[in-house]
Amino acid sequence: MKITVIGVGNMGSAIIKGLNNSAKFTISAMNPVNPRVAKLAQELNFHLVNTTAEVASLKPDIIILTTPAPVTVAVAKELATAIDNKAIIISAAAGISHQELAKVLPNKTIANIIPNTPVEVNAGTIGLALPTDITAEATTTILTVLNSLGDVIELPEDKLDIIGVIGGCGPAFVDVMMDAMSDAAVKHGLDRQTAYQVVASMVKGTGTLAYDSKLAPALLRDQVTSPGGTTIKGVEALEKHGFRYAIIDAVNKANGEQ
Ligand SMILES: NC(=O)C1=CN([C@@H]2O[C@H](COP(=O)(O)OP(=O)(O)OC[C@H]3O[C@@H](n4cnc5c(N)ncnc54)[C@H](O)[C@@H]3O)[C@@H](O)[C@H]2O)C=CC1
Ligand SMILES: O=C(O)[C@@H]1CCC=N1
């Protein structure tokens, strides 16, 4: 399957790396000339182009839009005249609706996704909204690509924003916590690299346990807090400093609440 990624920034690069890992796809990309992207194209051996006309000449089966949200509709409009109707468009631009894209891409199959950066290691969380009139064949093609990048959660478009905040922004919130924990570990005498390794391993294991067991996070927390032990003292400090509300409010704000 031939896939063209448009916009090779943080998200576009992560998608390309994830697709490249599965070695099942022929990858190309379009991005304004840039040494970082040219180097990545060499490293991962994908074809780099600069214009929508060149994209059209590659005849991709799928075009993934990972351009900055404010320019995405304009890029889609340029593509509309260049590509044929067989190419499926997958937009990862947060906040750009199916309707906005359909207006400039008439007669094209368009799916909206919100991926996250762990797609780079094929451990992504990908919210997917499909149009109601999509064919079974197009759905299969889209799922073949997205399933290779991680867990795909299909849902109505009006739920894509909140999935985008939890799945898409969530890694940054977890990274902030991991950074703070690493600093604390360094303060208490651990060297930085060991601190990063311990913190990442702990988050990976905690996520895997929650994912595999499907238990509520509160239950898993209770299993760690031994009576009169050390963890409950730390949990008390988190409550005292409003950690739980800080997380809830981070989600509120990222989801557009004033
Ligand atoms: N970074 C993330 O974790 C996530 C990002 N997204 C979406 O992905 C999109 C890109 O976000 P980031 O990668 O974070 O931004 P970024 O700024 O890292 O990357 C954007 C890339 O698009 C390129 N670009 C700009 N105008 C272009 C054009 N006309 N044609 C082709 N390429 C063009 C830029 O040179 C840059 O390489 C946004 O729409 C965002 O909402 C969605 C979910 C998660
Ligand atoms: O920060 C952003 O706007 C994008 C969307 C989700 C994650 N990153």
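Me: What percentage of the 258 residues of the protein chain count as buried?

Reply: In this model, which is predicted, 30% of the 258 residues of the protein chain count as buried. The C-alpha trace spans about 65 × 40 × 35 Å along its principal axes, and the secondary structure comes to eleven helices and eight strands. Among contacts between residues at least 6 apart in sequence, 64% join residues at least 24 apart.

Me: Why is G7 called buried?

Reply: The word requires 20 or more other C-beta atoms within 10 Å of the residue's own. G7 has 24 other C-beta atoms within that distance of 10 Å, and is therefore called buried. Its place is the loop between β1 (2–6) and α1 (10–22). With neighbours within four places in sequence left aside, the contacts of G7 are G12, N31, L65, T66 and T67.

Me: What makes V8 buried?

Reply: V8 has 25 other C-beta atoms within 10 Å, and the cut-off is 20 or more, so V8 is buried. Like G7, V8 is found in the loop between β1 and α1. When residues up to four places away in sequence are not counted, V8 touches S13, I16, A29, N31, V37 and L40.

Me: Which residues does the UniProt annotation "binding site" cover?

Reply: According to the UniProt record, an unreviewed entry, the annotation "binding site" covers I6, G7, V8, G9, N10 and M11. Such an annotation may be inferred rather than shown by experiment. In the model, 26 residues surround ligand 1, and G7, G9 and M11 are among the closest, together with A93 and A94. The elements that give two or more residues to this shell are α1 and α4 (69–82), and α4 provides the largest share, four residues.

Me: What makes up the shell around ligand 1 by class, and what makes up the shell around ligand 2?

Reply: Around ligand 1 there are 14 nonpolar, twelve polar and no charged residues. The residues around ligand 2 are A94, G164, G168 and C169, and they divide into two nonpolar, two polar and no charged. Ala and Cys count as nonpolar and Gly as polar, so A94 and C169 fall in the nonpolar class while G164 and G168 fall in the polar one.

Me: How do you know that β1 and β2 pair?

Reply: Two strands pair if at least two bridges are found between them. β1 and β2 have five bridges, in the parallel sense, so the requirement is met. One of the bridge partners is I27 in β2, which is the partner of I3. β2 is also mostly covered, since four of its five residues are buried.

Me: Why is A23 called exposed?

Reply: A residue is exposed if 12 or fewer other C-beta atoms lie within 10 Å of its own. A23 has 7 such atoms, and is therefore exposed. A23 is placed in the loop between α1 and β2 (26–30), and its phi is near 50°, a positive value in a residue other than glycine. Most residues other than glycine have a negative phi, which is why a positive value deserves a remark.

Me: What makes K214 exposed?

Reply: K214 has 6 other C-beta atoms within 10 Å, and the limit is 12 or fewer, so K214 is exposed. The residue lies in the loop between α8 (192–213) and α9 (217–224), and phi of K214 is near 60°, which is again positive in a residue other than glycine.

Me: Where do domain 1 and domain 2 lie in the protein chain?

Reply: The domain assignment gives domain 1 as 2–155 and domain 2 as 163–254. Their C-alpha centres lie 32 Å apart, and nine residues of domain 1 are in contact with five residues of domain 2. On the side of domain 1 that touches domain 2, the residues divide into five nonpolar, four polar and no charged.

Me: Which residues does the annotation "domain: Pyrroline-5-carboxylate reductase catalytic N-terminal" cover?

Reply: The unreviewed UniProt entry gives residues 2–95 for this annotation. In the model, the end C-alpha atoms of residues 2–95 lie 26 Å apart, and the span is 46% helix and 22% strand.

Key:
Residues are numbered from 1 along each chain as its sequence is written. Chains are lettered from A and ligands numbered from 1 in the order in which they are written. This is a predicted model: local features need pLDDT of at least 70, side-chain atom pairs count only at pLDDT 80 or more; totals for chains, interfaces and linings use all residues. Two residues are in contact if their C-beta atoms, placed from the backbone, lie within 7 Å. A residue is near a molecule or strand if its C-beta atom, placed from the backbone, lies within 6 Å of it. Domain bounds come from an automatic or database domain assignment.
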